[in-house]
Amino acid sequence: MSRSTFRFWFSIIVIPTFLVIAVLAYFAWRQSVPGVRAIIDPAPRWIAVKTPLTVDLIAVRGGLRSVEIRLKQGSARVVLAQQVFTGPPSNTQRVGIQVAGGTLGLREGSATLDVLARDGFWRPIRVDDRPVLTLPITLDFSPPSLEVVAATRYWAQGGGGLVVMRSKGASRVAVGVGRLAFPAYAAGPPDGNLYVALVALPWDNTSGTPITGMAQDEAGNTTTRNVAVEIKPRRFKTDVIDIKEDFLERKLPELLPERGGAIPRTELLGAFLTVNRDRRKQAEEMKRALASKTQPRPLWDGAFMQPRNTKVFSNFAETRTYRYQGRDVDTQIHFGYDLAAVRHAPVPAANSGTVVFAGPLLIYGNAVVLDHGLGLQTLYGHLSTIGVKEGEQIEKGQELGRTGDTGLALGDHLHYEVLIQGVSVTPLEWWDARWIRDHIGRPLREASLPLVQSIMPESAHDQAPPSRRRRAVPPRSQSSPSSQSPSRSTAPRVESP
Ligand SMILES: [Zn+2]
């Protein structure tokens, strides 16, 4: 082949071929750049009367241009959201919408959620007129039924009560008090659709606090019903506690082990405030967390017992002012009863239950938390020794350990709390067999739920006398607003600050 012939063929075949390949390769690369990705996390399974949806969009190149979110059911199509992104191009966008399921004109049942999205990147063949995300979804606009069957009538600030509800179609039933939600547990025969909740009225909730039954289905449809109650105010005591330097020097290394031993005198107050504020708050959070370990049925029966021959040194929901070197340095609420008898006295379980915590618990020192079911728990703090293990089943009166002064305690005593879903309530109510019969037993009897034997009519009277004998300090009537202090001792102070 002559040189000129070669040049001829080269120019009319090889060069154009190469150009065509280069252009095709360029197109192929353009086409290979993936389109927009849409993520809904967690993936929704339901559209209810009101359902929030958050869609995250991610483009690889070219920035996001537009999005359309729609529902498809048979031949029907409903656009839920349509948005064009203006402004500087961005490869990520978040779209949040509220879907009002009942107003869409679709029927309940299965449907498909489609997300269509476009980026600003040119491709030879369009890819963005197909959904970038398709999810099967169920439309459900029927809220669960809810009826309040029976409830404690008279409540007191810092006290408890019980609500029985009937609900069909609910996956979650609860009672709301202010911002708190107290879970209700299925009870009785399955076809009765009954739920029972123990509820705490926090000490600082006033009589205007609404108590609301709530039922929610899996789709998120919610029904609420007001619970008719009468709330009696209670007055709580105030107290001043003098904090001494030598007490802080002795106690703070135990309470703040991370400080690695002795704390200089100038830092004692700061360290004390860390314990009294932060560690106390952590202890409150810990109590709430332990509530999730409760059993869905009562494990207790009869009145709760107070340890024998103990005197009350400090009451529930006392507001305490802490004084250091003549100055008021802090204010906190005391959430239990301080009980003292002799040094290293045995600590009996107030009622039967399961140990859900046994060990050091911040300001409470060595502590045991017993679960009595339905969210009801008792806490025993400042123990010198612990004689039980987590998971152990305990009989009423069984020894849990010995009193001591571990944690934030000035002297040997028992710090005792009654908790409902981690919220402290006055122990007085649960020491009182009559209060239990009238406030917990009555709604259970009205709903024909024999969950606790001792408060059913046939055995109610047998149970009351022994529980009264056990009580060293009989509580006064709950109707008196100033009945928080049955018998305050004048003996040396032992309270947990
Ligand atoms: Zn205490």
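This note goes through the overall form of the chain and then its nonpolar cores.

1. The structure is a predicted model, in which local features need pLDDT of at least 70 and side-chain atom pairs count only at pLDDT 80 or more, while totals for chains, interfaces and linings use all residues. Residues are numbered from 1 along each chain as its sequence is written.

2. Six helices and 32 strands make up the secondary structure of the chain (DSSP runs, H or I of at least four residues for helices and E of at least two for strands, numbered from the N terminus). The radius of gyration, taken over C-alpha atoms, is 33 Å, well over the 23 Å that the globule rule (2.2 Å times the number of residues to the power 0.38) gives for 497 residues, so the chain is more spread out than a compact globule. Along its principal axes, the C-alpha trace spans about 120 × 65 × 40 Å.

3. The largest nonpolar core (buried Ala, Val, Leu, Ile, Met, Phe, Trp, Tyr and Cys residues joined through C-beta atoms within 7 Å; buried means 20 or more other C-beta atoms within 10 Å of the residue's own, with C-beta atoms placed from the backbone) has 95 residues, and Val164 and Val368 are among those with the most contacts inside it. Strand β15 (residues 194-200) gives this core its largest share, seven residues. Because domain 2 (145-232) and domain 3 (238-432) both contribute residues, the core lies between them; the domain bounds come from an automatic or database domain assignment.

4. Leaving aside neighbours within four places in sequence, Val368 is in contact (C-beta atoms, placed from the backbone, within 7 Å) with residues including Val355, Phe357, Tyr380 and Leu400. A second, separate core of 24 residues includes Ile69, Val95, Leu116 and Ile137.

Methods:
Buried ≥ 20, exposed ≤ 12 C-beta atoms within 10 Å, placed from the backbone. Contact = placed C-beta atoms within 7 Å.
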